[in-house]
Amino acid sequence: MEERSLNFLEEIIEKDLAEGKYKSIYTRFPPEPNGYLHIGHAASICLNFGLAIKYQGKCNLRFDDTNPVTEETEYVESIMNDVKWLGFNWDELRYTSDYFEQLYAYAVQLIRQGDAYVDDSTAEQMAATKGDINKPGTDSAWRSRSIDENLALFEEMRAGKYPDGAKVLRAKVDMAHPNLLMRDPIIYRIKHAHHHRTGDAWCIYPMYDFAHGQSDSIEQITHSICTLEFIHHRPLYDWFIQKLGIFPSHQYEFARRNLTYTVMSKRKLLQLVNEKHVAGWDDPRMPTISGLRRRGYTPESIRNFADTIGIAKRDNITDVSLLEFCIRENLNKVANRVMAVLDPVKLVITNYPEGQTEEFDAENNPEDEQGGSRKVPFSREIWIEREDFQEQATKKFFRLAPGLMVRLKYAYIVRCDDFKKDEQGVVTEIYCSYLPESKSGNDTSGLKVKGTIHWVSVPHAQTAEVRLYDRLFRVENPANEDGDFKDYINPDSLQVVANAYIEPALTQAQPGDRFQFLRKGYFCADKDSTPGHLVFNRTVGLKDSWAK
Ligand code: ATP
Ligand code: MG
Ligand code: MG
């Protein structure tokens with residue numbers, strides 16, 4: 001692998017290890033199971049698991065499941081599947097909900113120390129007394145409750161004595177603190193809701209800030225890496241750890257990863273799914289890991305992408321063509337070349353005997369010495385791409401037109417003699433003659449032709465459906481535009497070719513198999529395929545066609 005300089009987290013870790021601050025490092029990836037993972041999460045997964053691998057430490061997968069309302073088992077399963085698919089194994093699988101009893105005990109400890117109190121204020125009252133950056137907040141009337149009263153009330157909250165919103169538990173920090181998050185933050189709220197794992201055992205749930213750092217500490221996480229929006233939470237993270245006297249995990253922030261021409265928040269992705277702008281979380285146009293997988297992306301290409309973009313301390317948006325570059329580079333090495341005609345027109349080789357067929361050896365992958373070869377059948381009638389023929393060749397057109405010659409890949413040179421049109425003026429057949437002495441690998445014709453085209457033998461061809469994808473949005477950063485981001489959806493993001501012709505070797509394709517359709521791009525067999533009806537998704541074209 002190419003040497004690159006250390007990123008800022010690696011620098012911190014190497015210093016911590018060199019100074020003996022930790023014997024080894026421990027990281028975690030902490031998704032909230034409220035949606036499917038996207039490419040931004042993939043960057044975080046690669047970062048957290050990658051650091052653990054690089055420094056021979058450990059990394060946990062922890063479900064941050066403190067919000068019973070939005071979380072579901074379906075999401076938990078998809079997340080585990082995606083992490084494994086990306087090629088990572090967690091050291092331990094944890095759930096924040098496993099710590100509910102411990103977190104409750106921590107809260108009781110804070111109350112006993114005089115560091116937390118039960119507040120009966122309404123949400124409006126709390127907002128009104130919060131102050132702002134220019135104005136200190138004012139103490140709640142309940143701030144001076146006795147420890148005993150707080151202990152009793154908190155127990156009653158847990159026992160279900162109060163309705164949602166009637167009371168909260170707040171940390172007693174400082175209502176005049178310059179950081180608003182430190183102005184007596186809420187640490188527990190009442191929510192009579194069914195939790196996907198703990199069921200109805202709890203009707204009070206800890207807030208993110210009271211769960212995350214403590215969970216890190218319970219798991220002895222050394223480097224707790226999160227995205228930049230949590231930077232102002234760090235003093236609170238440290239405050240709880242210090243007050244509770246627990247393992248000192250440390251929080252570090254890096255910039256969120258964004259991609260052009262898509263959106264990357266689970267809430268927005270959920271809207272696309274619910275409002276049927278896409279076929280599901282794994283629609284190949286989605287920036288989700290499951291969507292990218294179905295589109296034909298490899299785990300390796302996504303890991304490479306994450307590594308290439310690296311980590312930053314400032315928010316930024318990455319050009320989607322970099323992601324496309326990564327998959328193209330990977331598939332170029334591993335995908336077998338095959339022939340498929342997406343917009344077919346018939347070519348008849350008039351001097352090739354009727355009923356005769358022959359087979360040519362076709363190298364599966366010139367980039368892979370072990371790639372082997374296959375047989376491709378040939379006959380008098382073949383399908384070629386409509387765009388490979390012109391009635392009158394324009395300048396620099398080196399394919400088929402009356403009088404021009406072209407090589408049929410793996411086969412012969414043919415010369416175009418004539419063509420036929422229907423009443424609408426659409427070309428229906430092209431007539432050529434072939435040069436028997438020009439057979440590929442054994443060419444004694446002495447002719448040099450400039451163009452080579454792909455084809456599929458008519459009697460051997462199978463039909464397939466091909467789905468061609470374009471960007472899901474028309475603008476680079478839909479989330480940043482005026483109005484609803486959905487107004488910027490590209491109406492032509494999916495084009496379906498109902499009847500493409502594929503060479504017989506392709507009929508064995510299984511969902512997930514990846515190919516290069518010669519001259520057409522990289523394609524992946526879709527899960528909608530059935531034995532009689534194959535469906536292929538275009539992963540990416542052969543060249544960067546987005547270049548402006
Ligand atoms: P979203 O806003 O997309 O719903 P989230 O931050 O709420 O994402 P979590 O499930 O909390 O999603 O994320 C799990 C981990 O992944 C967190 O550590 C989070 O910081 C990180 N993460 C989420 N989105 C990105 C992103 N776009 N780039 C990098 N890391 C991300
Ligand atoms: Mg989150
Ligand atoms: Mg979120």
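Student: What phi does Lys276 take just after α9?

Tutor: A positive one, about 60°. Helices here are DSSP runs of H or I, at least four residues, and strands are runs of E, at least two, numbered from the N terminus. This is a predicted model: local features need pLDDT of at least 70, side-chain atom pairs count only at pLDDT 80 or more, and totals for chains, interfaces and linings use all residues. Residues are numbered from 1 along each chain as its sequence is written, with chains lettered from A and ligands numbered from 1 in the order in which they are written.

Student: Why are Lys266, Leu269 and Leu272 said to be on the same side of α9?

Tutor: All three are buried. That term needs 20 or more other C-beta atoms within 10 Å of the residue's own; exposed means 12 or fewer, partly exposed is in between, and C-beta atoms are placed from the backbone. The three cover an arc of only 115° around the axis, so they share one side. The arc is that of the directions from the helix axis to the C-beta atoms.

Student: Which exposed residues does the opposite face of α9 carry?

Tutor: Arg267 and Asn274, on the face turned away from the buried side.

Student: What makes a set of residues a nonpolar core?

Tutor: They are buried Ala, Val, Leu, Ile, Met, Phe, Trp, Tyr and Cys residues, joined through C-beta atoms within 7 Å. The largest such core has 95 residues. Its largest share, 9 residues, comes from α2. A second, separate core has 29 residues, including Trp202.

Student: Which element gives the largest share of the shell around ligand 1?

Tutor: Helix α2, with 4 residues.
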